[in-house]
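Biologist: Before I take any labels on trust, could you walk me through how each of them is earned?

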Amino acid sequence: MTIRPKYLLVVALILLFLLIPSNSTPKSSPNWELLVSTDGVKFSGRNAHASCVFKGEIWVTGGRTAEYVMWNLVDSFKVADVWHSKNGAIWAQVTELTGDFFAQNTEVTQPGPIAPWYERYGHSMNAIDTDGDGLDDMMVLLGGFSSSPSNDMWVTQDGKHWIYCGLAPWSPRAWHSTVIFKDHLWLMGGTPLNNEVWKLVNVTKVSRIAPLTRSTYSNYTYELSWTQYPNAPWSPRVGMGLVSQYYYNTSIGEGFADSRERIVLAGGYGGWPAVEPTVALYDGFVTRPDTWETYDGFHWTQLNWNNTFQGRAWMGMAVMHGSDPRRHYPVLNETRVPKIFMFGGGYIGYRTNSRKRVNTMQAKADGYWSEDGQNWFKINYEEGGGTTTVPFFSSQEWTQTVVDTKAKYIGRWGLTVLSFNVFSGRSHPGDLYLIAGDFTEGGDYASSVYKSIGGMFCDLEGVICGNHGHCENSLCYCDKGYTGQYCTITKLPGTGTGGAAGSRRLLAQSALLMTAMYTAILMYSFA
């Protein structure tokens, strides 16, 4: 039987297709586990809430939620509640809140489920160590929309009793960012738009003169002393990511012993005012794609002005100190630079050199990581959406929701992300916890909480260990012939058994590929 040349051509082309490497095929492993409450008790869906780790638990306060009728029969979308959880799944509301109701919420039930501070969103909350023993002593709640931007200060030592500490020396603001850096609380930016830098230098307990009130109050308070640093060189903004990272630069030969703590700032919404002396810098108001660093709060260096994560604000950011997130003791990993993780966020605004003006929040459905703050790598993959007829999909599980009874993948903004070790109760190292946020495109406020799982640390653009390894205990174990954090580097001949085997395999594949290509060309010439 004689095989016609055209059929040989088809066979050759099929062989050619099969031999082409497909090392980038998205096969994302599970990245997040949805934590489900066994008793159904949970905070309402919300964004712009504040969260932190304090005394072995995750705490969530306030936020913007679906409109409801307040205790005084007034419609509102702000809340003044306090929630806590030891594992991110089972939550409890503090229903017997006490403290300085005389300062703000004077007419609510005392004690009760409504905090003494006004309902608010866009505020901050951090756990701080005031006596230097390495253990956090109190949570500090600052500013926010209540309903206008505010500069009130509140502290609590147990999450139940809240002390009013007066008004801060910095102007009223919301959507500011805070971080614990070198054992101090730092506050930056916020709306009205600014690029101010403030440091909390001291907390002192003092007696309080009894106020003239029928509401409850404490007979003591705290004086919070602040120092203002020079305005930063980054443009005034809100909703930026702000983290502290122990960093050493491997590209210049630095190692673990060279680690220094720094602040990394990423993104945010804002811009320079179109007035003197910054009118020449004005380029619109938009979510920014830049990153900056400082080692002292005075001197800033721009790391990248146009990052691959693109312009965004109101995202969740956290640092995981140690490449193995399963470590159950608070030490730095000596083999890898601590990673900065970024998830979600939103895009809005306009640039003066573009005709495109985005007036509705476009939420992000992705995740990125970086070690140096300059180069960012995408964790997940996405497909569909935009101008295509294919429904949008993201391999980040927290993007899935239900709209009009149909499953849909949508970005979130106004979420928070924490690093928390459920075994030790410390803020790091541990797992990442992604909390609440706001779905766009018809989605609702989210109340869901997700915990990172192993695949989070093995995926690069949705590919598990470069398709040349397997993920185990949150680390990539590479096949013979491959190496690197994600098994994406081919070992050269002479680098070991695996490298030689990998090279021989690649040479054999190349020979077969060339044979298939030659056969296809030959058959085509006789067809």
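Modeller: What follows is a chat about the labels used for this structure and the cut-offs behind them.

Modeller: This is a predicted model, so local features need pLDDT of at least 70 and side-chain atom pairs count only at pLDDT 80 or more, while totals for chains, interfaces and linings use all residues. Residues are numbered from 1 along each chain as its sequence is written, and side-chain values use heavy atoms, with hydrogens and water left out.

Biologist: Fine. What makes up the secondary structure of the protein?

Modeller: Two helices and 41 strands. Helices (H or I, at least four residues) and strands (E, at least two) are DSSP runs, numbered from the N terminus.

Biologist: Why is Leu141 called buried or exposed?

Modeller: Buried means under 20% relative accessible area, exposed means over 50%, and partly exposed is in between (1.4 Å probe, protein chains only). Leu141 has 0% relative accessibility, so it counts as buried. Leu141 sits in strand β8 (residues 138-145). Across the protein, buried residues make up 52% of the 527 residues.

Biologist: Which residues is Leu141 in contact with, leaving aside neighbours within four places in sequence?

Modeller: Contact means heavy atoms within 4.5 Å. With those neighbours left aside, the partners of Leu141 include Trp117, Arg120, Asp152, Trp154 and Trp162. There's also a C-alpha distance worth a look: Leu141 and Thr156 are 15 residues apart along the chain, and 8.6 Å separates their C-alpha atoms.

Biologist: Asp152 is on that list. Why is Asp152 called buried or exposed?

Modeller: Its relative accessibility is 2%, so Asp152 counts as buried. Asp152 belongs to strand β9 (residues 149-156).

Biologist: What makes a polar contact with the side chain of Asp152?

Modeller: A polar contact is a pair of N or O atoms within 3.5 Å; within protein, one must be able to donate a hydrogen and the other to accept it, and residues adjacent in sequence count only if both atoms are side-chain atoms. The side chain of Gln104 qualifies at 2.7 Å, and the side chain of Trp154 does too, at 3.1 Å. Gln104 also shows up among the residues in contact with Asp152, as do Arg120 and Tyr164.

Biologist: Now the sheet with β8 and β9 in it. What makes β6 and β7 edge strands?

Modeller: Two strands pair if DSSP finds at least two bridges between them. Five strands form an open sheet in the order β6-β10-β9-β8-β7, with mixed pairing. β6 (98-99) and β7 (124-128) each have a single partner strand, so one side of each is left without a neighbour in the sheet.

Biologist: How do you know that β6 pairs with β10?

Modeller: There are two bridges between β6 and strand β10 (residues 161-167), in the parallel sense, so the requirement of at least two is met. Thr98 has His161 in β10 as its bridge partner.

Biologist: What makes β16 largely enclosed?

Modeller: Six of the seven residues of strand β16 (residues 241-247) are buried, so the rest of the structure largely encloses it. β16 runs antiparallel to strand β17 (residues 260-266), with seven bridges joining them. One of the bridge pairs puts Tyr247 with Arg260 in β17.

Biologist: And Pro192, why is Pro192 called buried or exposed?

Modeller: Pro192 has a relative accessible area of 52%, so it is exposed. Pro192 lies in the loop between β12 (184-188) and β13 (197-207). Not counting residues up to four places away in sequence, Pro192 touches Pro149 and Pro172. Pro172 is 20 residues from Pro192 in sequence, with 8.1 Å between their C-alpha atoms.

Biologist: One last strand pair. How many bridges join β38 to β39?

Modeller: Four bridges join strand β38 (residues 469-472) to strand β39 (residues 475-478), and the two run antiparallel. Gly469 stands opposite Cys478 in β39. Two residues lie between the strands of this hairpin, where Asn473 takes a positive phi near 55°.
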